[in-house]
Amino acid sequence: SFGSLASIGAQAAGHPADALIVTGWSHLPPPGGPPVDPSIVGQLASVPYVRIDGALRPLMFYGPSADQSMVTYDINNLADQLPRGVFLDGFAASYNPVLTRATEVTGKVLLHLAENDALFGSDGDAERASYPQAQVTAQLLPTVGHSMNLHPENSQGWAMMDDWLRRNHLK
């Protein structure tokens, strides 16, 4: 998600790549909103480096198909930290295509939207509107949660990206 946010900004700032692939980010909240009480954001931002772990991590990052042993491994070994400013900038830009500069992106864009993303919505038709100047393809990743690469079905998403790049003569 944060990599996509940075890539959207770079693409809009005039450092265009041949195409933009966005994963783990949309400008739409999930149905019913994120599963996190807004007061949690203040608690997370009270320290210089934000780490999302414990019970909050699986709630936010994984869908129902996630392998519990992978979730445990992630919590114990992979859970990363973000500088507070980066976390707050991302939080502020959530759901706002003007702040992320998606409205300025041109060229070809592939959106990989996870069906069970607890942080972002997966309505491809609605998300296309966030990129009014781009040629947007939206693909839904069924059963996948926010953290696409840690799901058993991640190879499906990578194959879909590869196919899109080939069909658009980018590979």
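**Figure 1. The largest pocket and the residues around its centre.** In this predicted model, the largest pocket has a lining of 40 residues. Have a look at Ser-1, Phe-2, Phe-61, Leu-119 and His-146, the lining residues that lie nearest the pocket centre. The space in the largest pocket comes to about 940 Å³.

**Figure 2. Elements that line the largest pocket.** Which helix gives the most to the lining of the largest pocket? Helix H3 does, with 4 residues. At least two lining residues each come from H1, H2, H3, H4 (68-78), H5 and H8 on the helix side, and from S2 (49-51) and S3 (81-83) among the strands.

**Figure 3. The largest nonpolar core.** This core holds 30 residues, and the members that touch the most others are Ile-8, Val-22, Ile-52, Val-105, Val-109 and Tyr-131. Helices H1 (2-12), H2 (39-44), H3 (56-61) and H5 (84-93) each give two or more residues to the core, as do strands S1 (19-23), S4 (107-114) and S5 (134-141). Look out, too, for a second, separate core of 7 residues, which includes Ala-114, Val-144, Met-161 and Trp-164. As background for this view, nonpolar side chains in soluble globular proteins tend to be buried together.

**Figure 4. The surroundings of Ile-52.** Which residues is Ile-52 in contact with, once its neighbours within four places in sequence are left aside? They are Leu-44, Arg-57, Met-60, Phe-61, Ala-79, Asp-80 and Phe-87. Two of these names invite a second look: Phe-61 is also one of the residues nearest the centre of the largest pocket, while Arg-57 lies in H3 (56-61).

**Figure 5. An open sheet of 3 strands.** The strands run in the order S1-S4-S5, with parallel pairing. Because S1 and S5 stand at the edges with a single partner strand each, one side of each has no neighbour in the sheet. From one strand to the next, the twist averages 15 degrees. Helix H8 (residues 154-167) lies across S1, S4 and S5, and runs at about 155 degrees to S5.

**Figure 6. Strand S1 beside S4.** The two strands pair in the parallel sense over 5 bridges. Following the bridges into S4, you will find Val-109 as the partner of Leu-20 and His-112 as the partner of Thr-23. Which residues make up the covered face of S1, and which the uncovered one? Leu-20 and Val-22 are on the covered face, whereas Ala-19, Ile-21 and Thr-23 are on the uncovered face. Val-22 and Val-109 also appear among the core residues that touch the most other members.

Conventions. Residues are numbered from 1 along each chain as its sequence is written. This is a predicted model: local features need pLDDT of at least 70, side-chain atom pairs count only at pLDDT 80 or more; totals for chains, interfaces and linings use all residues. Side-chain values use heavy atoms; hydrogens and water are left out. A nonpolar core is a set of buried Ala, Val, Leu, Ile, Met, Phe, Trp, Tyr and Cys residues joined through side-chain atoms within 4.5 Å. Buried means under 20% relative accessible area, exposed over 50%, partly exposed in between (1.4 Å probe, protein chains only). Contact means heavy atoms within 4.5 Å. Two strands pair if DSSP finds at least two bridges between them. Axes are lines fitted to C-alpha atoms, for helices over the stretch in contact, and angles run from 0 to 180 degrees between N-to-C directions. On a 1 Å grid over the protein atoms alone, a cavity is a set of points where a 1.4 Å probe fits but cannot get out, and a pocket is an open set with protein on both sides within 12 Å along at least five of seven lines; lining residues have an atom within 4 Å of a point. Grid points are joined across faces, edges and corners, and a volume is the space filled by probe spheres set on the points.
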